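The following exercises concern the fold, the internal spaces and selected residues of one protein chain. Each task is followed by a worked solution.

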Amino acid sequence: ETLGAYVDKLLTDVLTAKEHVPVSECRITLTYLLALSHSPPKTPLQTLSPILPPKVRNKFQDIQIEVNVGLLRFTTPDGMPWIKSVPPSELRNVVKDLVPDATVWLPKDENDPNDQLCEAIEWAYEKQKGKDGTLGEGLVVVAGSLYLVADLYRLLGPESL
């Protein structure tokens with residue numbers, strides 16, 4: 001819920017500042033890179049519904065908000081084999097139910113989580129580009145599990161901390 005409210009505030013601030021821009025020229029891209037821990041009894045739907053779809057769509061109905069969702073797995077933490085990520089294929093239907101018009105990136109479930117993350121970052125970067133190839137306004141959110149965020153920090157290296 002906190003993440004959903006924060007993303008909504010960021011997008012609201014951007015869109016409020018663009019009130020003078022014609023709607024046809026205003027495009028915001030929101031890309032999530034998500035991995036969830038398997039943690040019953042909480043379901044993926046319960047976890048994702050506070051952030052998907054972005055609530056800002058209700059306030060700015062005429063603005064184009066492109067929603068992209070990359071679904072991936074995280075690396076099982078050392079010494080914690082009981083911690084598992086929900087397979088991306090299981091998350092796809094939940095995302096499509098919540099945001100039917102979202103573009104979903106989905107690797108094979110068995111692909112290496114580190115490879116998935118690198119591919120997902122490249123995909124997210126491409127989704128942020130406009131038709132002319134320049135980066136547009138938007139936001140990329142890595143979320144769902146702190147284990148995924150840990151994978152991101154390991155990928156970026158110690159200087160990123």
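**Exercise 1. The lining of the largest cavity**

Helix H1 (residues 2-17) gives the most to the lining of the largest cavity, with 3 residues. The coordinates belong to a predicted model.

*Task.* State how many cavities of 30 Å³ or more the structure holds, and describe the lining of the largest cavity by residue and by class.

*Solution.*
1. The count comes to 1 cavity of 30 Å³ or more.
2. The volume of the largest cavity is about 40 Å³.
3. Its lining consists of Gly-4, Val-7, Asp-8, Tyr-32, Pro-50, Ile-51, Pro-53, Pro-54, Lys-55 and Val-56.
4. By class, these lining residues divide into 7 nonpolar, 1 polar and 2 charged.

**Exercise 2. Cis peptide bonds**

*Task.* Identify which residue is joined to Pro-41 by a cis peptide bond and which is joined to Pro-53 by one, and locate Pro-41 and Pro-53 relative to the secondary structure.

*Solution.*
1. As background, most peptide bonds are trans.
2. Pro-40 is joined to Pro-41 by a cis peptide bond, with omega at about 10 degrees.
3. Pro-41 is placed in the loop that runs between strand S1 (27-34) and helix H2 (44-48).
4. Leu-52 is joined to Pro-53 by a cis peptide bond, with omega at about -10 degrees.
5. Pro-53 is found in the loop between H2 and helix H3 (56-59).
6. Pro-53 also appears among the residues that line the largest cavity.

**Exercise 3. Two pockets**

*Task.* For the largest pocket and the second largest pocket, give the volume, the residues that lie nearest the centre, and the classes of the lining residues.

*Solution.*
1. The largest pocket has a volume of about 270 Å³.
2. Its lining is made up of 16 residues, and those nearest the centre are Leu-3, Thr-47, Ala-143, Gly-144 and Ser-145.
3. Two or more residues of this lining come from each of H2, strand S4 (137-143) and helix H6 (146-156).
4. H2 supplies the largest share of the lining of the largest pocket, at 3 residues.
5. Sorted by class, the lining of the largest pocket has 10 nonpolar, 4 polar and 2 charged residues.
6. The second largest pocket has a volume of about 160 Å³.
7. This second pocket is lined by 13 residues, of which Ser-37, His-38, Ser-39, Lys-42 and Val-86 are the closest to its centre.
8. The lining of the second largest pocket divides into 4 nonpolar, 7 polar and 2 charged residues.

**Exercise 4. The chain as a whole**

*Task.* Establish the order of the secondary structure elements, and assess whether the chain is as compact as a globular protein of its length or not.

*Solution.*
1. The secondary structure comprises 6 helices and 4 strands.
2. Read from the N terminus, the order of the elements is α-β-α-α-β-α-β-α-β-α.
3. The radius of gyration is 16 Å, close to the 15 Å given by the globule rule for 161 residues, so the chain is as compact as a globular protein of that length.
4. Along the principal axes, the C-alpha trace spans about 55 × 35 × 25 Å.
5. Of the 161 residues, 39% count as buried.
6. Among the contacts with a separation of 6 or more, 71% are between residues 24 or more positions apart.
7. As to confidence, the mean pLDDT of the chain is 88, and 94% of the residues reach 70 or more.
8. Confidence is lowest in H3, with a mean of 70, and highest in strand S3 (residues 103-105), at 97.

**Exercise 5. Asp-151 and Pro-113**

*Task.* Decide whether Asp-151 and Pro-113 are buried or exposed, and list the residues in contact with Asp-151 and with Pro-113.

*Solution.*
1. Asp-151 is located in helix H6.
2. The relative accessibility of Asp-151 is 2%, and the cut-off for buried is under 20%, so Asp-151 counts as buried.
3. Apart from neighbours within four places in sequence, Asp-151 contacts Phe-74, Thr-75, Asn-114 and Leu-117.
4. Pro-113 is placed in helix H5 (residues 113-127).
5. With a relative accessible area of 12%, Pro-113 is likewise buried.
6. When residues up to four places away in sequence are not counted, Pro-113 touches Arg-73, Phe-74 and Thr-75.
7. Phe-74 and Thr-75 thus appear both among the contacts of Asp-151 and among those of Pro-113.
8. From Pro-113 to Gln-128, 15 residues apart in sequence, the C-alpha to C-alpha separation is 22 Å.

Definitions and conventions:
Residues are numbered from 1 along each chain as its sequence is written. This is a predicted model: local features need pLDDT of at least 70, side-chain atom pairs count only at pLDDT 80 or more; totals for chains, interfaces and linings use all residues. Side-chain values use heavy atoms; hydrogens and water are left out. On a 1 Å grid over the protein atoms alone, a cavity is a set of points where a 1.4 Å probe fits but cannot get out, and a pocket is an open set with protein on both sides within 12 Å along at least five of seven lines; lining residues have an atom within 4 Å of a point. Grid points are joined across faces, edges and corners, and a volume is the space filled by probe spheres set on the points. Ala, Val, Leu, Ile, Met, Phe, Trp, Tyr, Cys and Pro count as nonpolar, Asp, Glu, Lys and Arg as charged, and the others, Gly among them, as polar. pLDDT is the predictor's confidence in each residue, from 0 to 100. The radius of gyration is taken over C-alpha atoms; the globule rule is 2.2 Å times the number of residues to the power 0.38. Buried means under 20% relative accessible area, exposed over 50%, partly exposed in between (1.4 Å probe, protein chains only). Contact means heavy atoms within 4.5 Å.
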